[in-house]
Amino acid sequence: MTDTVTDTDTGTVTDAATRTATETDALLARRDAVVMGTYGRPVLSLVRGSGTRVWDADGREYLDLVAGIAVSALGHCHPAVAEAVSAQLGRLGHVSNLYLNEPQVELAERLIGLLGLDGRIFFANSGAEANECALKIARRTGRAEIIAAEGSFHGRTLGALSITGQPSKRAPFEPLLPGVTFVPYGDAEALRAAASERTAAVFLEPTLGEAGVVPPPAGYLVAAREICDATGALLVLDEVQSGIGRAGAWFLHQAEGVRPDVVTLAKGLGGGMPIGACVGIGPAGHLLRPGDHGSTFGGGPVVCAAALAVLDTIEREDLIVSAATVGDLLADGIRAAGLPAVTGVRGRGLWYAITFGDARAAAFEAAARAAGFLVNTVGPDTVRLAPPLVFTAADAQAFLAALPGIAAAAQAAHEHSKVSA
Ligand code: PLP
């Protein structure tokens with residue numbers, strides 16, 4: 001176990017081994033000179049990955065419970081993805097949407113089949129872009145008003161930001177899209193009161209992801225469906241984070257028994273390659289007309305080949321079931337560990353948040369990293385676990401075995417930061 005160091009400017013707690021690593025520090029200095037400062041300052045430089053493990057520039061190995069923010073469904077450098085990408089790239093890399101490419105059509109067919117609904121797909125390059133397409137579908141209803149949830153996250157482009165329920169992210173870029181109303185997440189009556197015949201669409205995450213894996217109360221999504229049916233609004237479910245097996249089903253709305261009008265996807269779909277998808281179900285798949293939307297890169301053959309490899313592998317290896325089983329093991333083990341200050345473990349599938357009774361999430365993340373585990377702080381008191389779906393029971397046991405030490409180190413760092421504050 002390494003000592004932790006608190007950065008007095010930012011309050012960030014890092015482990016000494018990482019902090020003094022010369023390779024990482026050198027790269028950070030180069031980056032600071034040429035890369036925009038939109039992100040926090042990373043404390044690791046990752047250079048290699050294999051399965052559920054990654055290695056940093058200084059040769060340290062980590063068990064990855066972040067997966068590039070719930071992205072790398074098959075872990076790192078899965079041969080199925082690597083082979084699909086290199087084979088496609090060796091044949092034909094890019095064509096634009098001026099021309100047909102078969103991997104795109106095949107991927108659309110596969111996704112529609114997995115959804116089990118009649119639908120049509122627009123391929124984009126990210127989650128935010130998938131939601132931009134959904135916003136255009138909403139506008140094509142002829143109605144202009146949108147309802148979204150407080151605390152939600154739908155992306156950083158100006159349209160997606162307009163429906164993101166986090167005022168601090170929106171404020172610097174206002175004015176944004178007009179006509180957006182935010183309602184408390186999980187409150188069906190508030191949604192009912194806000195919806196009307198002027199509502200074009202209700203945008204919801206089936207479980208809030210960036211807000212810390214927050215599920216709604218039972219029946220909320222069913223109520224949202226009813227409210228949309230009553231007002232004629234589209235129900236848009238943002239499954240960018242919850243989809244592709246993350247939450248114990250191909251799509252979380254399937255587990256909830258709710259039929260959306262539009263589903264947006266990204267993250268896990270490409271297994272690390274950038275792809276987003278907006279699926280219009282039934283009539284919503286026909287609202288956009290020729291010329292209404294487009295993307296030079298969207299649905300390119302290489303990313304579609306990667307996504308097909310991801311879907312094939314999840315299916316062939318029954319990863320949704322095994323991920324949910326391992327997820328249960330992980331969550332039960334954390335609950336049973338009786339760690340100091342832990343107030344809860346919430347989530348499903350292989351997608352969890354650990355909540356603390358105080359603002360020690362960053363200290364916990366740093367202590368985990370020092371012990372060789374990557375987890376992700378999503379709030380002052382909340383850490384997210386979203387490992388690759390190939391995470392094994394042995395991986396879960398390794399994390400659980402290290403947990404008491406991580407929690408004790410976090411406790412010490414947290415006490416220390418209170419004293420020096
Ligand atoms: N929607 C949800 C639910 C997300 O969690 C995210 C990203 O975290 C996005 C949209 C935006 O995706 P991207 O970062 O690929 O634009």
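User: Which residue is the bridge partner of Asp64 in S15?

Analyst: The partner of Asp64 in S15 is Leu374. Helices (H or I, at least four residues) and strands (E, at least two) are DSSP runs, numbered from the N terminus. Two strands pair if DSSP finds at least two bridges between them. Here, strand S5 (residues 61-64) runs parallel to S15, and two bridges join them. This is a predicted model, in which local features need pLDDT of at least 70 and side-chain atom pairs count only at pLDDT 80 or more, while totals for chains, interfaces and linings use all residues. Residues are numbered from 1 along each chain as its sequence is written, and side-chain values use heavy atoms, with hydrogens and water left out.

User: What is the order of the strands in the open sheet of four strands, and which are the edge strands?

Analyst: The order is S3-S4-S5-S15, with mixed pairing. Strand S3 (46-50) and strand S15 (373-374) are the edge strands, as each pairs on one side only.

User: Is Asp395 buried or exposed, and which residues is it in contact with?

Analyst: Buried means under 20% relative accessible area, exposed over 50%, and partly exposed in between (1.4 Å probe, protein chains only). Asp395 has a relative accessible area of 6%, so it is buried. Its place is in helix H15 (residues 393-420). Contact means heavy atoms within 4.5 Å. Leaving aside neighbours within four places in sequence, Asp395 is in contact with Thr52, Arg53, Leu63 and Val390.

User: Why does Thr181 count as partly exposed?

Analyst: Thr181 counts as partly exposed because its relative accessibility is 37%. This residue lies in strand S8 (residues 180-183). Not counting residues up to four places away in sequence, Thr181 touches Ile146, Ile147, Ala148 and Ala194.

User: Why is strand S7 largely enclosed, and which strands does S7 pair with?

Analyst: Strand S7 (residues 145-149) is largely enclosed by the rest of the structure because four of its five residues are buried. S7 pairs with S8 in the parallel sense over four bridges, with Ala148 opposite Phe182 in S8. Three bridges also join S7 to strand S9 (residues 199-204), again running parallel, and Glu145 stands opposite Thr199 in S9.

User: How should the two faces of strand S11 be read, and which residues are on each side?

Analyst: In a regular strand the side chains alternate between the two faces of the sheet. In strand S11 (residues 262-265), Val262 and Thr264 lie on one side and Val263 and Leu265 on the other; all are buried, and both faces are covered. Strand S10 (residues 234-238) runs parallel to S11, with three bridges joining them, and Asp238 stands opposite Thr264. The pairing of S11 with strand S12 (residues 276-281) is antiparallel, over four bridges, and places Leu265 opposite Ala277.

User: Which residues come nearest to the ligand, and which polar contacts are found?

Analyst: A residue is near a molecule or strand if one of its heavy atoms lies within 4 Å of it. Of the 13 residues around the ligand, Gly127, Ala128, Asp238, Gln241 and Lys267 come nearest. Helix H6 (residues 127-139) provides the largest share of the shell, three residues. For the ligand, a polar contact is a pair of N or O atoms within 3.5 Å. An oxygen atom of the ligand is 3.2 Å from an N or O atom in the side chain of Lys267, and an oxygen atom of the ligand is 3.5 Å from one in the side chain of Glu210. A nitrogen atom of the ligand lies 3.4 Å from a backbone N or O atom of Phe153.

Conventions:
Polar contact = N/O pair within 3.5 Å; in protein donor to acceptor, adjacent residues only side chain to side chain.
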